[in-house]
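Trainee: I would like to learn how to read a model feature by feature. Where do we start?

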Amino acid sequence: MSTPSLSARPGRTLTHWNPEDKAFWEREGEAIAKLNLWISVPSLFLAFAIWQVWSVVAVGLPGLGFHYSTNQLFWLAAAPALSGATLRIFYSFMVPLVGGRRWTAISTATLLIPALGIGFAVQDNQTPYPTMLILALLCGLGGGNFSSSMANISFFFPKERKGSALGVNAGLGNLGVSVVQFLSPLVVTAGIFGIFGGDAQTIVKNGQTLQVWTQNAAFIWVPWIVLCSLAAWFGMNDLAEAKASFADQAVIFRRKHNWLMCVLYLGTFGSFLGYAAGFPLLIKSQFPGVNPLAYAWLGPLTGAVVRPFGGWLADKLGGARVTLWNFVVMAVAVCGVLVFLPSGPAGGSFAGFFLCFLVLFLTTGIGNGSTFRMIPVIFLTERMRGVNRQDGAAVVQATKEANTEAAATLGFTAAMAAYGGFFIPKSYGSSIALTGGPQAALYTFIAFYLICIAVTWWHYARRNAPMPC
C-alpha cells in the first residue's frame with residue numbers, strides 16, 4: 001500500500017510521517033527532514049550563543065565601572081547554566097505538546113529578551129546587580145532550547161540516520177559556545193549599529209584610553225534571532241505523529257534506561273559544558289603567564305565540530321561501542337592533565353596540559369554524538385520486543401511510543417547533563433580553595449568516568465548485554 005503524499009497536504013502540520021518506510025523517505029520524507037534540520041541548526045546555534053554570552057560580558061564589567069564583587073561576577077557567569085539546566089526539564093516535553101515548528105519559533109524568539117536586555121543594561125554602570133542577575137538567569141532560555149530542539153529533530157529521521165542528524169544539529173549548535181567567545185571581543189571594538197546601537201563606553205587598557213561598545217556583544221545576535229524565528233515559523237513543520245500528552249511522555253521516569261543515559265550524557269555533554277565554562281579560569285589559575293582568551297575558545301570549538309562525527313561513527317559501529325571506548329580515552333586524558341599541571345616547585349607544561357584538554361574536548365564531542373544515537377535505538381528496541389512484525393498496526397503503535405519516549409529522554413538527559421556546566425567549574429574552585437590545586441576535582445572526574453565505563457559495558461556493550469545498541 002502506498003503512503004500518502006505530504007505535498008498534497010495543506011498547512012505546516014504533517015498528518016502522516018513514517019521515516020522508517022524507505023519508499024516514503026526517498027520520495028519526499030528526506031527532503032522535508034533536511035529542511036527542518038537546517039532551520040533548526042542556526043536556531044540552536046543562537047540559543048547557545050545567548051546562553052554563553054555572560055562568559056564574555058561578565059569579564060568586562062569591572063572595566064566599565066560596575067562595582068560588583070568577584071563572587072557576584074562568578075554568579076553572573078554561572079546563573080545561565082543553572083537556569084538553562086532547569087528550563088531544559090520543562091522544554092523536554094514541549095514539542096509533543098505544542099509542535100516542533102511552533103515551539104522552535106517561539107523559543108528562538110524569546111532569546112530577544114536577554115539579548116536586548118543585556119544590550120541596554122551594560123550601557124549604564126549604575127544598573128543594579130539584581131537586574132543583571134535576572135538577565136543572566138534569562139539567558140538560560142538559550143540553554144533550555146537544546147532539549148526541545150533535539151527532541152524535535154529526533155522525530156524526523158529514521159533509526160539509521162538519527163545519530164548523524166542529531167550530531168549535526170547539536171554539533172553545529174554547540175559552535176555557538178566557541179563563536180560567542182571568539183566574536184564578542186571583536187564586535188565591541190566598533191559602533192557597528194550606528195545611532196541604533198547606543199553610545200560608546202570608555203575604558204583604560206594597558207595605560208591607553210579606548211572606546212568600546214560592550215552592548216554589541218548582545219545586540220549582534222538580535223537580527224539573526226528575528227530571522228531564524230521567522231524561518232522556523234514559516235519553513236518548519238509540526239508532526240501530527242509526534243503529538244503526545246505530558247502523561248504519555250512522563251512514562252520515561254519509570255524507564256531504567258532514561259536514568260542510565262542521564263549518567264552517561266552527564267559524562268559527555270556535562271563535561272563539554274563544564275570544561276568550556278571552567279577552562280579559561282583554570283588556565284589563568286594554573287599558568288598565570290598565559291593569556292587564557294587566546295586559547296580557551298579552541299576547546300569548545302573542537303568539541304562542537306567533532307560531534308557530528310561522533311553521531312556518524314555511532315551509526316556505523318554502534319553507539320555503545322563508541323561510547324565505551326570514548327570514556328576510556330576521557331579518563332586517560334584527565335590523567336594526562338594531572339601529569340602536566342604545576343606541582344610544587346615544578347612549573348608544569350602548558351603545552352601538555354592544553355593538548356590533553358583538547359583531547360578531552362574531542363572526546364566530549366564524540367561521546368555527545370554516540371550517546372544521543374544510543375537513546376532512540378534503546379527505546380525502539382525495547383518497544384519492539386514482543387511485537388509481531390507482521391502486525392502493521394502494532395508495529396506503527398510501538399514505533400510511535402518509542403519515538404515519543406526517546407524524544408522525551410533526549411530532552412531530559414540533556415537537562416540533567418547541563419548541570420555539569422555549573423558543577424565542574426565549581427569543583428575546580430572548591431578544590432583549589434580546600435587543597436590549593438584542582439587535582440582533587442580531576443581525580444573525582446576520573447572516578448566518574450570509570451563509573452560511566454562500567455555502566456556502558458554492563459548494560460549496553462558487553463556480549464549478551466541486556467540492551468545492545
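Mentor: We will take one helix, its surroundings, the nonpolar cores, the salt bridges and one backbone angle in turn. Keep in mind that this is a predicted model.

Trainee: Let us begin with helix H11. What span should its residues cover, and how far apart are its end C-alpha atoms?

Mentor: The general idea is to compare an expected span with the one in the model. Helix H11 covers residues 222–235, and at 1.5 Å a residue its 14 residues should span 20 Å. The end C-alpha atoms are 20 Å apart, so the two values agree.

Trainee: Which residues of H11 are buried?

Mentor: Buried means under 20% relative accessible area. In H11 that applies to Val-222, Ile-225, Cys-228, Ser-229, Ala-232 and Gly-235.

Trainee: What covers them?

Mentor: The cover includes four helices: H1 (22–52), H5 (100–109), H6 (112–121) and H10 (216–219).

Trainee: Which residues form the nonpolar patch on the surface?

Mentor: The patch consists of Ile-106, Val-226, Leu-230, Trp-233 and Phe-234, and together they have about 480 Å² of accessible area. H11 supplies the largest share of this patch, four residues. Val-226 is in helix H11, and because its relative accessible area is 36%, Val-226 is classed as partly exposed.

Trainee: Now the neighbouring helix H10. Is Asn-216 buried or exposed?

Mentor: Asn-216 belongs to helix H10. Its relative accessibility is 1%, so Asn-216 counts as buried.

Trainee: Which residues is Asn-216 in contact with, leaving aside its neighbours within four places in sequence?

Mentor: Those contacts are Val-187, Val-188, Ala-190, Gly-191, Ile-192 and Phe-193. Compare Ile-220, which sits in the loop between H10 and H11. With neighbours within four places again set aside, Ile-220 is in contact with Val-187, Ile-192 and Phe-193. Ile-220 has a relative accessible area of 16% and is therefore buried. A distance along the chain and a distance in space can also be set side by side: Ile-220 and Thr-189 are 31 residues apart along the chain, with 12 Å between their C-alpha atoms.

Trainee: Next, the interior. Which members of the largest nonpolar core touch the most other members?

Mentor: That core has 130 residues, and the answer is Trp-54 and Leu-61. The element that gives the most to this core is H1, with 14 residues. A second, separate core has five residues, among them Ile-252, Cys-262, Ala-408 and Phe-412.

Trainee: What does Trp-54 touch, not counting residues up to four places away in sequence?

Mentor: Trp-54 touches Leu-61, Leu-76, Ala-77, Pro-80, Ile-118, Met-132, Leu-135, Ala-136 and Cys-139.

Trainee: How many salt bridges does a search of the whole structure find?

Mentor: The search finds 10. For any one of them, ask how far apart the atoms are, where the partners lie and how accessible each partner is. Take Lys-22 and Glu-160, whose closest N and O atoms are 3.6 Å apart. This pair links distant parts of the chain, since Lys-22 is in helix H1 and Glu-160 is in helix H9 (residues 159–187), 138 residues apart. Lys-22 counts as exposed because its relative accessibility is 56%, whereas Glu-160, at 39%, is partly exposed.

Trainee: Where do the partners Arg-255 and Glu-405 lie?

Mentor: Their closest N and O atoms are 3.1 Å apart. Arg-255 is in the loop between helix H12 (246–249) and helix H13 (256–286), while Glu-405 is in helix H17 (residues 392–418), 150 residues apart. Arg-255 is partly exposed at 22% relative accessibility, and Glu-405 is buried at 5%.

Trainee: Which residues do salt bridges that share partners join into one network?

Mentor: First add the pair Glu-382 and Arg-383, with closest N and O atoms 3.5 Å apart. Glu-382 counts as partly exposed at 23% relative accessibility, and Arg-383 counts as buried at 17%. Through shared partners, Arg-255, Glu-382, Arg-383 and Glu-405 form one network.

Trainee: Last, the backbone. What is the phi of Asn-464?

Mentor: The general rule is that most residues other than glycine have a negative phi. Asn-464 is not a glycine, yet its phi is positive, about 65 degrees. Asn-464 lies in the segment after helix H19 (439–461), and at 67% relative accessibility Asn-464 counts as exposed.

Definitions and conventions
Residues are numbered from 1 along each chain as its sequence is written. This is a predicted model: local features need pLDDT of at least 70, side-chain atom pairs count only at pLDDT 80 or more; totals for chains, interfaces and linings use all residues. Side-chain values use heavy atoms; hydrogens and water are left out. Helices (H or I, at least four residues) and strands (E, at least two) are DSSP runs, numbered from the N terminus. The expected span of a helix is 1.5 Å times one less than its number of residues. Buried means under 20% relative accessible area, exposed over 50%, partly exposed in between (1.4 Å probe, protein chains only). Contact means heavy atoms within 4.5 Å. Patches are made of residues with over 30% relative accessible area and no salt bridge: like charges are joined within 9 Å, nonpolar side chains (Val, Leu, Ile, Met, Phe, Trp, Tyr) within 5 Å. Accessible areas come from the Shrake-Rupley method with a 1.4 Å probe; for residues, only the protein chains shown count as cover. A salt bridge is a side-chain nitrogen of Lys or Arg within 4 Å of a carboxyl oxygen of Asp or Glu. A nonpolar core is a set of buried Ala, Val, Leu, Ile, Met, Phe, Trp, Tyr and Cys residues joined through side-chain atoms within 4.5 Å.
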